[in-house]
Amino acid sequence: MNEELERLEIKVSYLESQSDELNKVVIEQSKSIVILEKRIEALEKKVEDLIEVSGEARPNRRPPHY
């Protein structure tokens, strides 16, 4: 009985450790996602500003010096 209890305690300890590690990974990924979302928003804003300035979406065409 004592060995069984010790074995279960070891498993629980291992699972707690794994849970803590996974939690750290999730937190880091969440921070990265927030940063990437902010960068996407900034890029979208720049694109909107470019469209506003030009009056239309810029077509893919050759520059005038060609």
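## Buried, exposed or in between

A residue is buried under 20% relative accessible area, exposed over 50%, and partly exposed in between. D49 has 29% relative accessibility, so D49 counts as partly exposed. Keep these cut-offs in mind for what follows.

## The overall fold

This is a predicted model. The protein chain has one helix and zero strands. Helix 1 covers residues 2-54.

How much of the chain is buried? Of the 66 residues in the protein chain, 0% are buried. The chain exposes about 6900 Å². Carbon and sulfur atoms supply 56% of that area.

## Salt bridges along the helix

How many salt bridges does the whole structure hold? A search finds four. Three of them are described here, among the four found.

Start with E4 and R7. These two form a salt bridge, and their closest N and O atoms are 3.3 Å apart. E4 and R7 sit three residues apart in helix 1, so about one helical turn separates them. E4 counts as partly exposed because its relative accessibility is 38%. R7 has 40%, so R7 is partly exposed too.

Next come E21 and K24. They also form a salt bridge, with 3.8 Å between the closest N and O atoms. Both residues lie in helix 1, three residues apart, which is about one turn of the helix. E21 has a relative accessible area of 43%, so E21 is partly exposed.

The third pair is K45 and D49. Their side chains meet in a salt bridge at 3.0 Å, N to O. K45 and D49 both lie in helix 1. They are four residues apart, again about one turn of the helix. K45 is partly exposed because its relative accessible area is 46%. Its partner D49, at 29%, is partly exposed as well.

## A negative patch

Which residues form a negative surface patch? They are E37, E41, E44, E48 and E52. E52 is located in helix 1.

Is E52 buried or exposed? E52 has 66% relative accessibility, so E52 counts as exposed. The cut-off for exposed is over 50%.

## Putting it together

The chain has one helix and zero strands, and 0% of its residues are buried. Helix 1 holds the salt-bridge pairs E4 and R7, E21 and K24, and K45 and D49. E52 lies in helix 1 too, and E52 belongs to the negative surface patch.

Key: Residues are numbered from 1 along each chain as its sequence is written. This is a predicted model: local features need pLDDT of at least 70, side-chain atom pairs count only at pLDDT 80 or more; totals for chains, interfaces and linings use all residues. Side-chain values use heavy atoms; hydrogens and water are left out. Patches are made of residues with over 30% relative accessible area and no salt bridge: like charges are joined within 9 Å, nonpolar side chains (Val, Leu, Ile, Met, Phe, Trp, Tyr) within 5 Å. Accessible areas come from the Shrake-Rupley method with a 1.4 Å probe; for residues, only the protein chains shown count as cover. Lys and Arg count as positive and Asp and Glu as negative; His and the chain ends are not counted. The place of a charge is taken as NZ of Lys, CZ of Arg, CG of Asp or CD of Glu. Helices (H or I, at least four residues) and strands (E, at least two) are DSSP runs, numbered from the N terminus. Buried means under 20% relative accessible area, exposed over 50%, partly exposed in between (1.4 Å probe, protein chains only).
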